[in-house]
Amino acid sequence: MALDTYHCSICGRRIKITTRADMPVLDPNTGFAICRNCVKKIYQFVEEDEIRRNRSLKKNFKDALGDLLEKNKPHVIKEYLDEFIIMQERAKKILSVAAYNHYKRMKYDLDNRDVDSEIDKSNVIILGPTGCGKTALLSHLSKLLDIPFAVTDASSLTEAGFVGADVEVAVRNLYYAAGRDIEKTEHGIIYLDEFDKIARKSGENNSITADPGHEGVQQGLLKMLEGSVVEFTERGQRKHPEAPTIKVNTKNILFIVGGAFVGIEKIVEKRLKKNDSPIGFGSEIPSKEDTDEKFNELIHQVRPEDLMKYGIIPEIIGRLPVICTLETLDEDALLRILTEPKNAPVKQYEKLLAMDNVKLEFDEAALRRVAKMAIERKTGARSLKGIIEDVMLDVMFEIPKSDEPRRVVITEACIKGEEQPQIFPLEEVNLNKESA
């Protein structure tokens, strides 16, 4: 039977149906009906509420941004990084200024929304050998600023249409790091590691063949680095019409790309025409110290044209105006990393063993041997904890068998694997309090 009149379940009016415009929004199972007038009012209310919420969020973020800038001036950021990172003074200054200016830029945009001008985003490219502290620097920086931080391996990305991870996965990783909060995601930091692995194989020369793992990925990153709306599926599946998607604007996301860029110092040396060493029987073989000193001198002189010769496309370089370089770490620096920072490996193991009422001691010769082994492995500070872990394995297995206070001494012979760590009885003390 055709419906000619109905009661609106919202306003209660009896509506006579004379045209299509009078037809209600009707649930046939419950008889719940809403007139078109009420639908329009509900839609208008939802839109106005959404606008109020967005204004409130922007106001709250603007206030939080002002507090963040007031508390974290560049010198304050560097002082904080000094507590965790040994050496790399220039890199710490560059990142401190870059982070501070990035959030000043956002504050300027919020304060001057009606002005037809804006400050361009200054993304960062960071270069340095393996284990020199690139990821550690950025991780501590994000903790200080209390913002989401996500690391994505650039070498795992492929050009759209090829099998592999699309470039949008970097934003999705930040979305997860932000607790699935879009507002936080849009003001976080993305670090693309191993960026040198996507340099085009042909260097500065154009390749006539498809290069899905290299130049194509760089092309795919262009819009994202500059600032665009990135759409991705929450669960990581391929995009299709039925999969719900999430949209994130990357305009205020700080992108930092980094890698070892092995061999770039040779490109710099060639540009500076410093390769004038003699060749033949009379030439001197440079020592490890001389090689490291020369590398540190050259790496700080990297320019955009050197990156182009390495295989980074000009469009990407234009979106990475800040070049941050890190030095290689020598034996003395690695020795300091073992003991001085707040989260130094030796301090971590001292706290772990103190929980079992055990005092841990390292001979200086033992620590120096650990530093030498890290240099031999060519992994920098990254392998320091692993070397100590191998030596401490048997001790950490045996120690919990007894609650008696003891003292463990690690010597150079222990690091070399020539003898086991020595365990001595110790008068009972509050080791947890000492190690705090």
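This passage describes the confidence of a predicted model and the aromatic ring pairs found in it.

The protein chain has a mean pLDDT of 82, and 82% of its residues reach 70 or more. Two stretches with low values may be named. Over residues 278–283 the pLDDT stays under 50, and the model has one contact beyond four places in sequence for this stretch. Residues 428–433 also have a pLDDT below 50, but here the model shows 11 contacts beyond near neighbours in sequence.

Four aromatic pairs were found in a search of the whole structure. One of them joins Y175 and Y176, whose ring centres are 6.0 Å apart. The planes of these two rings meet at 45 degrees, and the pair is therefore tilted. Y175 is classed as buried because its relative accessibility is 6%, which falls under the 20% cut-off. Y176, in contrast, has a relative accessible area of 34% and is partly exposed. Ring pairs also bring in F232, so that Y175, Y176 and F232 form a cluster.

The pair of F261 and Y310 is likewise tilted, because the planes of its rings lie at 50 degrees; the ring centres are 5.2 Å apart. F261 is located in the loop between β10 (254–259) and α8 (264–272), whereas Y310 belongs to helix α10 (residues 304–310). The pair therefore ties together parts that are 49 residues apart in sequence. Both partners are buried: F261 has a relative accessible area of 1%, and Y310 has a relative accessibility of 18%.

Key: Residues are numbered from 1 along each chain as its sequence is written. This is a predicted model: local features need pLDDT of at least 70, side-chain atom pairs count only at pLDDT 80 or more; totals for chains, interfaces and linings use all residues. Side-chain values use heavy atoms; hydrogens and water are left out. pLDDT is the predictor's confidence in each residue, from 0 to 100. Contact means heavy atoms within 4.5 Å. Rings of Phe, Tyr and Trp (its six-membered ring) pair if their centres lie within 6.5 Å; planes under 30 degrees apart count as stacked, over 60 as edge-to-face and the rest as tilted. Buried means under 20% relative accessible area, exposed over 50%, partly exposed in between (1.4 Å probe, protein chains only). Helices (H or I, at least four residues) and strands (E, at least two) are DSSP runs, numbered from the N terminus.
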